[in-house]
Amino acid sequence: MTQFLQLHFLTSYPPANLNRDDLGRPKTAIMGGRQRLRISSQSLKRAWRTSEFFKLDKNPDGLAAHVGVRTKDMGGRVLSRLLEGGVDEGQAREWAGRIAEVFGKLKKDGLEIEQLAHFSPAEEAAVMALADRLARTKEPPGEDDLNLLTKVETAVDVAMFGRMLAGKTEFNVEAAVQVAHAVTVHETAVEDDFFTAVDDLNTGREDLGAGHMGETEFGAGLFYLYVCVNGDLLREHLKYKPGLAVKAGRALVQAAAMVAPTGKQNSFASRAYASYILAEKGQRQPRSLSVAFLRPVKGEDMLAGAIDRLEETRTKMDQAYGPLAEGYRVMNVHSGVGTLEEIVAFVEAV
């Protein structure tokens, strides 16, 4: 039976625009017939995997050495490497294009591929080693040289969040970590902030007006976030570096609890830690507890109300379906129960 880890977070953000839509507005969703603020899972995952928690351990077997890079421009990096090695520009572009095509279809008149490709450190090293050899020998790459993708997974972020290569589906990686979009537990409105800026050199003798006027949109709210980890799949992905799975679990919990997306941070300083975390483990089919907030939470003490709703829903689901977890831990800042380190230790034992 598969061992699952489920994580539930409640995090309150002050006025912010952490994750914008195509019009620059905070993302929203209709839930329970009411508008909620939303932070997309893609935004959250990128903030986490690029955070300090995945970079602190710089030992050879640490996380920092096993975090990949996601880019369209590996071909451009190869071209620069070849040119630095003294390869003629026309030849360098041709060889760089052949290497880039391994990872996806090229855009017209360029070396960028059409979709972002996630490279493990081992794959990136193999690409650069090939470029160095071509520069040294001045010979074009053979077919065998272009076997640059690997099914031996050692990149923790690829193992956790998966990889999709449209043209090389045999090298796709199924995500071991599923991340829901975070939504506010209460109804919300997107508000407008009209602002002005003063020209420091304007003495006011001729013009008392602002040097700049603008408008930005924001929202504030208490967000519920659900994360599900397939522990068996994560360990299978990282079986050649078994210690990484434990380290990845620790970094994931720490980042999810303490790292916010970077959108408009200089304007709003909207950094927040989770006020409540529920961690569960077991072999039963996973389930989100978002139904607890289908009816928007109201009142002056929304955090306490949201915690009560979440825990009540969990209890009633257990009554209806039988115990859905074999063990759990709680960190509740509001009541002073539990610590993040206790949650991390619980996760590491899964």
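Student: What is the volume of the second largest pocket, and which residues lie closest to its centre?

Tutor: Rolling a probe the size of a water molecule over the atoms shows where empty space is left. In this predicted model, the second largest pocket has a volume of about 280 Å³, and among the 13 residues that line this pocket, Lys45, Arg70, His118, Phe161 and Gly162 are the closest to its centre.

Student: Which element gives the largest share of that lining, and how do its residues divide by character?

Tutor: Helix H1, which covers residues 41-49, provides the largest share of the lining of the second largest pocket, namely 4 residues, while H1 and strand E5 (117-119) each supply at least two. By character, the lining of this pocket holds 4 nonpolar, 4 polar and 5 charged residues.

Student: How should I read the largest pocket, and what is its volume?

Tutor: The largest pocket has a volume of about 460 Å³ and a lining of 24 residues, with Ala47, Val259, Ala260, Pro261 and Thr262 lying nearest its centre. H1 again appears here, giving the most to the lining of the largest pocket with 4 residues, and that lining is made up of 9 nonpolar, 9 polar and 6 charged residues.

Student: Turning to strands, is E1 mostly covered or mostly open, and which strands does E1 pair with?

Tutor: Strand E1, residues 4-16, is mostly covered, with 10 of its 13 residues buried. E1 runs antiparallel to strand E9 (residues 212-230), to which 11 bridges join it, and alanine 16 has glycine 219 in E9 as its bridge partner. E1 also pairs in the antiparallel sense with strand E10 (residues 276-282) over 7 bridges, where phenylalanine 4 stands opposite glycine 282.

Methods:
Residues are numbered from 1 along each chain as its sequence is written. This is a predicted model: local features need pLDDT of at least 70, side-chain atom pairs count only at pLDDT 80 or more; totals for chains, interfaces and linings use all residues. Side-chain values use heavy atoms; hydrogens and water are left out. Buried means under 20% relative accessible area, exposed over 50%, partly exposed in between (1.4 Å probe, protein chains only). Two strands pair if DSSP finds at least two bridges between them. On a 1 Å grid over the protein atoms alone, a cavity is a set of points where a 1.4 Å probe fits but cannot get out, and a pocket is an open set with protein on both sides within 12 Å along at least five of seven lines; lining residues have an atom within 4 Å of a point. Grid points are joined across faces, edges and corners, and a volume is the space filled by probe spheres set on the points. Ala, Val, Leu, Ile, Met, Phe, Trp, Tyr, Cys and Pro count as nonpolar, Asp, Glu, Lys and Arg as charged, and the others, Gly among them, as polar.
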